[in-house]
Amino acid sequence: MKRISLFFLVTGFLIWGCKQQHKPVAIDAYNYQIVKHDTFQQAAVSSAHPLASEVGRYILEQGGTAMDAAIAVQYALAVVYPNAGNIGGGGFMVVHTKEGESYTIDFREKAPGSAHRDMYLDSLGNADLTKSQDGHLASGVPGSVAGMELAHQKFGTMEFAKLIQPAIDLAEKGFAITEREAKGLNRYRKDFIKYNTQTPAFVKEQGWKANDTLIQTDLANTLKRIQKDGAKGFYEGETARLIVEEMKRGGGIITEQDLKNYIAQERIPIVFDYKGYEIITMGLPSSGGLVIQQMMEMIKPYPLKEYGFQSKEAVNLMVEIERRAYADRTEYMGDPDFVDVPVAKLLDTTYIRSRMNDFVPLKPSKSEHIKAGLGKEKEETTHFSIIDQYGNMVSLTTTINGNYGSRVVVGGAGFLLNNEMDDFSAKPGVPNKFGLLGTEANSIAPGKRMLSAMSPTIVKKDGKPYAVIGTPGGSTIITSVFQTLLNILEFDMPAYDAVNKPKFHHQWMPDLIHVEKSFDPELRKELEAIGYVVKERANIGRTEVLLIRNGVIEAVGDNRGDDSVAGL
Ligand code: DON
């Protein structure tokens, strides 16, 4: 067991909630550890922040289920991990219950009612992506609060007030920030000032350093309104009024009606077999599940294990598969409530296999020659994984898109809004923040959900819970989950290696392989020698994996962040 400790100065040992009606939450917000991996006998949580994982553990310890813990962790992340944790964004939740049923909840943001196809084009018809990425116009109508309410109505066993209480305490009483968070807040300080008319809690005159206390009073009050009135405490009343006032001050377009109209939706999960493993993942409006199923089906006939982990043959094969699947994503995928996505055809085994007919081993194709296959027929997100002592599993990915979203904090309400509108295709042929292209299928329309890559995933083996996997990373989410799945299912890696081994990524366009810094330099040379363009980039993903082997849960939080595990 490897533990990386952060010994924060003890500025006070807090036993929270002493004066509250809810049971005290014994979590020390000033003296906590980042636990990179551990094993647990009964239940486990892996999330992007140690305090959020602790909150999850606490709920599980009270007898709550993975779904109860997920709601508490989602709210805790909204406080302790403002880069991506949120109530001002959206996400997807994949649930597998102890009874053996699978469910997914779509709480993706929606375009406001007055959004329109060309809203980011200037008078010359050029896309102005600063507007889809920064400030008030970049936000879709947030979905997280409605999503958690739906999750609670469907699965909750504990009182909602108790699940949100730890987040309220963290916001109200504060917590010690990590060094990484301090750096992030300092890096975005200029934006926090530029995009806000009222100085948010994230701006500190002298700059932030590790162990400083972050108190978020406005956010605590917003969370209390949600605690009292449920989703209505967000989409109506005081919070809605504050959001709309913020929009008016900053030239945004979200209205009271948009907030009132927002609904989270249950969707049919994507479920498929991979060599005896049952994979359960998210369908549209996330492209994640469809693209993962396509890639897993394409790779099935090849002896990947024989090729060896990150051998030239394996990387060549995976890159060519990724290229083909992302071409289909670009062409066909969008919100299924608005566009007719040919899902059955895209998932037809004969079709998927035919995509590899022109694959010649060790001969890179060119993306300009690889088109979507059906012919004319037409940085910042976070993930957490939870397994409970009853046999339930939750895989949940949530986002405000960029780091700290649009950087707009709702004045008086204390939370960051997303810049998810950039996940639409502002104009065909114009790449978004993640270099992704899109077509009419993912164009902007009022009330439409922007296409996502988020891929919360669950795996069963012999009908029993086996793994919970997911990650942030924009367009690299899908290929990260693909690689993590193969690391476990093909290469039998321990969860720690499956998460932390170097990753690579190809997304059709631009036509190059992105690799992490730690990627084998010799292999890189070999790939270049056969004609690939290889480019180094910052970390790919921050993957949270729980894997059940021999009756024990291996829990891993990615080394690429402050990710941390907890459990029973
Ligand atoms: O939904 C999506 O695909 C993106 N908004 C995810 C953004 C993301 O993962 C950024 N994090 N690193």
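Reader: In this predicted model, which residue of E16 is the bridge partner of Ile-513?

Author: Ile-513 belongs to strand E15, which covers residues 513-516, and this strand pairs with E16 in the parallel sense over four bridges. Within E16, the residue that forms the bridge with Ile-513 is Val-534.

Reader: Which strands stand at the edges of the open sheet that contains E15?

Author: The sheet is built from three strands with mixed pairing, in the order E14-E15-E16. Each edge strand has a single partner, so one of its sides is left without a neighbour in the sheet. The strands in that position are E14 (504-505) and E16 (534-537).

Reader: At about what angle to E16 does helix H19 run?

Author: Helix H19, made up of residues 521-529, lies across both E15 and E16. Relative to E16, the helix runs at about 145°.

Reader: Is Thr-104 buried or exposed, and which backbone oxygen lies 2.7 Å from a polar atom of its side chain?

Author: Thr-104 sits in strand E4, residues 102-106, and because its relative accessible area is 0%, under the 20% limit, it counts as buried. Beyond its neighbours within four places in sequence, its contacts include Met-93, Val-94, Gln-265 and Thr-281. The oxygen at 2.7 Å from the polar side-chain atom of this buried threonine is that of Arg-267.

Reader: How many of the residues of helix H17 are buried?

Author: Helix H17 spans residues 476-489 and reaches 20 Å from its first C-alpha to its last, close to the 20 Å expected. The helix is largely enclosed by the rest of the structure, because the number of its residues that are buried is 14 of the 14.

How values were computed:
Residues are numbered from 1 along each chain as its sequence is written. This is a predicted model: local features need pLDDT of at least 70, side-chain atom pairs count only at pLDDT 80 or more; totals for chains, interfaces and linings use all residues. Side-chain values use heavy atoms; hydrogens and water are left out. Helices (H or I, at least four residues) and strands (E, at least two) are DSSP runs, numbered from the N terminus. The expected span of a helix is 1.5 Å times one less than its number of residues. Buried means under 20% relative accessible area, exposed over 50%, partly exposed in between (1.4 Å probe, protein chains only). A polar contact is a pair of N or O atoms within 3.5 Å; within protein, one must be able to donate a hydrogen and the other to accept it, and residues adjacent in sequence count only if both atoms are side-chain atoms. Contact means heavy atoms within 4.5 Å. Two strands pair if DSSP finds at least two bridges between them. Axes are lines fitted to C-alpha atoms, for helices over the stretch in contact, and angles run from 0 to 180 degrees between N-to-C directions.
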